[in-house]
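Hi,

Here is the structure I promised to pass on. Have a look at it first, and then read on for what turned up when I went through it.

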Amino acid sequence: MQKALAVFLGIISSIGGFFDMGEIVMTAETGARFGYGLIWVVVVGTIGIIVYAEMAGRIATASGRPVFDIIRERLGPRAGLINLLASVLINVVTLVAEIGGIAIAFQLATSLNYYFWIPLAAVLVLIVIWKVSFGTMENAIGFLG
């Protein structure tokens with residue numbers, strides 16, 4: 001039963017987890033500002049995410065090791081470091097987008113400027129990351145997604 005629940009949550013997370021708070025709010029805000037002028041970025045980004053996720057999934061499944069480990073082994077420490085730094089940069093940008101999305105959602109709910117809400121959103125995200133276990137976050141995101 002646990003294995004079936006894990007597979008179910010993985011499928012739900014892959015569908016619903018793609019549309020998170022930061023993406024919904026920031027996409028709506030960007031659409032309101034720029035219209036359809038940046039729609040090509042969404043298409044290119046989505047195709048890139050699909051290609052990379054599929055490739056990384058195949059590599060990790062076939063080898064049983066993380067992609068970073070294989071890149072470092074096959075292409076050397078410099079390529080591994082570039083891969084690691086790119087991953088960290090993507091995670092930081094995603095975190096900033098999430099905090100921005102939460103701040104804009106608070107702005108829509110309260111009519112206070114989103115600059116006011118950014119520190120509070122950052123503290124809330126930090127508390128969740130620090131105090132909530134990964135399993136709880138994964139299950140909550142899977143069910144809410």
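Going along the sequence, the protein chain reads α-α-α-α-α-α-α. That makes 7 helices and 0 strands. Please keep in mind that this is a predicted model, so everything below is computed from predicted coordinates. Of the 145 residues in the chain, 14% count as buried.

**Surface patch**

A nonpolar patch sits on the surface, with about 1100 Å² of accessible area taken together. Its members are Phe34, Tyr36, Leu38, Ile39, Trp40, Val41, Val42, Val43, Val44, Ile47 and Val51. Which helix gives the most to the nonpolar patch? That would be α3, which covers residues 39–63 and puts in 8 residues. Val41 is one of the patch residues, and it is found in helix α3. With a relative accessible area of 39%, Val41 is partly exposed. Residues need over 30% relative accessible area to join a patch, so Val41, at 39%, clears that cut-off.

**Second largest pocket**

Next, the second largest pocket, which has a volume of about 200 Å³. Three helices each supply at least two residues of its lining: α2 (21–34), α5 (77–110) and α6 (114–131). The full lining is Met26, Glu29, Thr30, Arg33, Phe34, Val93, Val96, Ala97, Gly100, Ile104, Tyr114 and Ile118. Phe34 may ring a bell, as it also belongs to the nonpolar patch.

Two of the lining residues are worth a click in your viewer: Ile104 and Ile118. They are 14 residues apart in sequence, and their C-alpha atoms are 8.5 Å apart in space. Ile118 lies in helix α6 and is partly exposed, at a relative accessible area of 31%.

**Aromatic rings**

How many aromatic pairs does a search of the whole structure find? The answer is 3. One of them is Phe116 with Trp117, an edge-to-face pair with 5.1 Å from centre to centre and 80° between the planes. Planes over 60 degrees apart count as edge-to-face, so the 80° angle of Phe116 and Trp117 falls in that class.

Is each of these two rings on a buried or an exposed residue? Phe116 is exposed, with a relative accessible area of 53%, whereas Trp117 is buried, at 13%. The cut-offs are over 50% for exposed and under 20% for buried, so the two residues of this pair end up in opposite classes. Ring pairs also bring in Phe106, which is linked with Phe116 and Trp117 into a cluster.

**Salt bridges**

The count of salt bridges comes to 4. One of them is in helix α3, where the side chains of Arg58 and Glu54 meet at 2.0 Å, N to O. You may want to look at that distance yourself. Because Arg58 and Glu54 are 4 residues apart in helix α3, they are separated by about one helical turn. Arg58 counts as exposed, at 59% relative accessibility, while Glu54 counts as partly exposed, at 39%.

Further along there is a network of salt bridges that links Arg65, Asp69, Arg72 and Glu73. Arg65 takes part in a salt bridge with Asp69, where the closest N and O atoms are 3.0 Å apart. The side chain of Arg65 also meets that of Glu73, at 2.7 Å, N to O. As for cover, Arg65 is partly exposed, with a relative accessible area of 28%, and Glu73 counts as exposed, at 53% relative accessibility.

**A backbone oddity**

Last item: the backbone at Ser111. Most residues other than glycine have a negative phi. Phi of Ser111, however, is near 70°, a positive value in a residue other than glycine. Where does Ser111 sit? Its place is in the loop between α5 and α6, and with 69% relative accessibility Ser111 counts as exposed. The helices on either side of that loop, α5 and α6, are among those that supply the lining of the second largest pocket.

That is what I have for now. Shout if anything looks odd on your side.

Cheers

Methods: Residues numbered from 1 in each chain as written. Heavy atoms only, no water. Phe/Tyr/Trp six-rings, centres within 6.5 Å; stacked < 30°, edge-to-face > 60°. Buried < 20%, exposed > 50% of the residue type's maximum accessible area, 1.4 Å probe, protein only. Patch = residues over 30% accessible without salt bridge, like charges linked within 9 Å, V, L, I, M, F, W, Y side chains within 5 Å. Areas by Shrake-Rupley, 256 points an atom, 1.4 Å probe, with all protein chains shown as cover. 1 Å grid on protein atoms, 1.4 Å probe; cavity = no way out; pocket = protein on both sides within 12 Å on 5 of 7 lines; lining within 4 Å. Points joined across faces, edges and corners; volume = space filled by probe spheres on them.
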